[in-house]
Amino acid sequence: MGLTAIDLGFRGAASGVFLLIVLAALQRRPANQNVLLGIAMCAGGIFYAIVTAPSFPKTAWWWTLPILSAQPAVFWLWARAAFDDDFELKRWHGAMWLSVVAYGFAITLGWAYWPALAGAGGRVLALGTLVLALAAAVQTVKTWRADLVARRRRLRLAMLAINVLLIAAVAVAGFAAIPVAVPGAPGSFPTALGLFLVAILAGLGAFATQPAVPVNDATAAIASSDAREADRATAGRVVVDPRVAVDPILLRRLDHLMTVERTYRQEGLAIGALAARLDVPEHRLRQAINEGLGYRNFNAFLNRYRIEDARLALSDVTQREVPILTIAMDAGFQSIGPFNRAFKAETGVTPTEFRREALSRSETDCDPGINQPRREIG
């Protein structure tokens, strides 16, 4: 009874934290996909804490377990949205979640008539759970180095590790036919403790104070490499937080590397290599780009210069025969796919469309006979 009471206490505390996060998010009238998926994750956490608790009615398994089986899909989507700033939620993502729920219902209802077939279906579902957990882990690791938000970098790995362990435990139980995710199971207490830790980390991420990105004359002047305007705008440092400061000299040196030396053209340029070029610690460079210039992702910072470089080349009449792939790689992109996506996201048109329109305008401007009034002969 004592262990059961502690189990229920952890579940109640986790549910309370998740509920506070949901209420705080709803009060802000969420409109972006990250917040909406975060609300879905927290709501799923509350649901999981309740329906897997000891003494939860077994008669409710037929509708609760299918919804629980789809929670890894929500977690995968949340990880994509939280750790990939370019991710966009599509309709097929919702269709995938509904498909998992429907599949879970089919397995649950099939136990009464075809237990062997339902058992095989359960193992397939467990395999899908592991695949989604692995995909979320890969997404987090893949984008970790380029992440410039210090708080997100600190929380993401811990949050992901605990979530993946929880999902993996349920998946392994599905393979072994061990009901650790159902009421009164032997693994209920570890599950409750893990859920509580996830709730605490989620609360820290949701309620921690975020430093405001400085948007002022000093930063704008530094970013545009106007040293005189920067000196007039500030006599020292651009203060973001009483405990930290962004050095305007570092921002000016960074801008010189980008605009004059065109370091962004270097293939596979990483933030560590750029920090070494500037002879500063990597964490200082991350802070400068994030808090001083407002970028959340290092690749987005580099793409700002690469896209502008490509736009100039595509608008140049003398380079009209140069392949777009060559222009993309000269600007620092390693393949045509990422270049096309980044270019369209920035300009709203494809590189081919942009070149056609830009060259058409250039030819119109250069032809002295176009748009000139016709002289009458008389």
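In which helix does Gly94 lie? Gly94 belongs to helix H5, which covers residues 91–110. Keep that residue in mind while we look around this predicted model, and we will come back to Gly94 at the end.

## The whole chain

Let's start with the overall picture. The protein chain has 378 residues, and 43% of them count as buried. Its secondary structure is made up of 17 helices and two strands. Now think about contacts between residues with a separation of 6 or more: 69% of these join residues that are 24 or more positions apart. The accessible surface of the chain amounts to about 21,100 Å². Carbon and sulfur atoms supply 62% of that surface.

## Two helices that meet

Next, find helix H14 (residues 298–315) and helix H15 (residues 324–331). Their axes are 9 Å apart, and the two helices pack at an angle of about 145 degrees. The crossing they make is right-handed.

Which residues of H14 meet H15? On the H14 side they are Arg306, Asp309, Ala310, Ala313 and Leu314. On the H15 side, Ile324, Ile327 and Ala331 meet them. Sorted by class, this contact has six nonpolar residues, two charged ones and no polar ones.

Two of the H14 residues deserve a visit of their own. Let's take Ala310 here, and Asp309 a little later.

Is Ala310 buried or exposed? Ala310 has a relative accessibility of 0%, so this residue counts as buried. Setting aside neighbours within four places in sequence, Ala310 is in contact with Ile327, Phe339 and Phe343. Ile327 is also one of the H15 residues in the helix contact described above. As for Phe343, it is 33 residues away from Ala310 in sequence, yet the two C-alpha atoms are 8.7 Å apart in space.

## Salt bridges

How many salt bridges does the structure hold? There are seven. Three of them are listed here, with the distance taken from N to O.

| Salt bridge | N to O distance |
|---|---|
| Asp84 and Arg80 | 3.7 Å |
| Arg145 and Glu282 | 3.4 Å |
| Asp309 and Arg265 | 2.9 Å |

Begin with Asp84, which pairs with Arg80. Asp84 has a relative accessible area of 18%, and because buried means under 20%, this residue counts as buried.

The side chains of Arg145 and Glu282 also meet in a salt bridge. This pair links distant parts of the chain, with the two positions 137 residues apart. Arg145 sits in the loop between helix H6 (115–144) and helix H7 (150–176), while Glu282 is in helix H13 (residues 282–293). Both partners are partly exposed: Arg145 has a relative accessible area of 40%, and Glu282 has one of 23%.

Now for Asp309, which forms a salt bridge with Arg265. This pair, too, links distant parts of the chain, with the partners 44 residues apart. Asp309 is in helix H14, and Arg265 is in the loop between helix H11 (248–259) and helix H12 (271–278). Asp309 is buried, at a relative accessible area of 10%, whereas Arg265 is partly exposed, at 33%.

Some salt bridges share partners, and in this way Arg145, Glu282 and Arg286 are joined into one network.

## Two backbone angles to look at

Most residues other than glycine have a negative phi. Against that background, two residues are worth finding in the structure.

Arg262 is not a glycine, although its phi is positive, at about 55 degrees. Arg262 is found in the loop between H11 and H12, the loop that also holds Arg265. With a relative accessible area of 40%, Arg262 is partly exposed.

Asp279 is not a glycine either, and its phi is positive, at about 60 degrees. Where is Asp279 found? Look in the loop between H12 and H13. Asp279 is exposed, with a relative accessible area of 71%.

## Back to Gly94

Finally, let's return to Gly94 in helix H5. Gly94 is partly exposed, with a relative accessible area of 35%. Its C-alpha atom is separated by 9.2 Å from that of Val74, and the two residues are 20 apart along the chain.

Terms used: Residues numbered from 1 in each chain as written. Predicted model: local features only at pLDDT ≥ 70, side-chain atom pairs only at ≥ 80, totals over all residues. Heavy atoms only, no water. Helix = DSSP H or I, 4+ residues; strand = E, 2+ residues; numbered from the N terminus. Buried < 20%, exposed > 50% of the residue type's maximum accessible area, 1.4 Å probe, protein only. Contact = heavy atoms within 4.5 Å. Areas by Shrake-Rupley, 256 points an atom, 1.4 Å probe, with all protein chains shown as cover. Axes fitted to C-alpha atoms, helices over the stretch in contact; angles between N-to-C directions. Left-handed = near helix turned anticlockwise from the far one by under 90°. Nonpolar A, V, L, I, M, F, W, Y, C, P; charged D, E, K, R; others polar. Salt bridge = Lys/Arg side-chain N within 4 Å of Asp/Glu carboxyl O.
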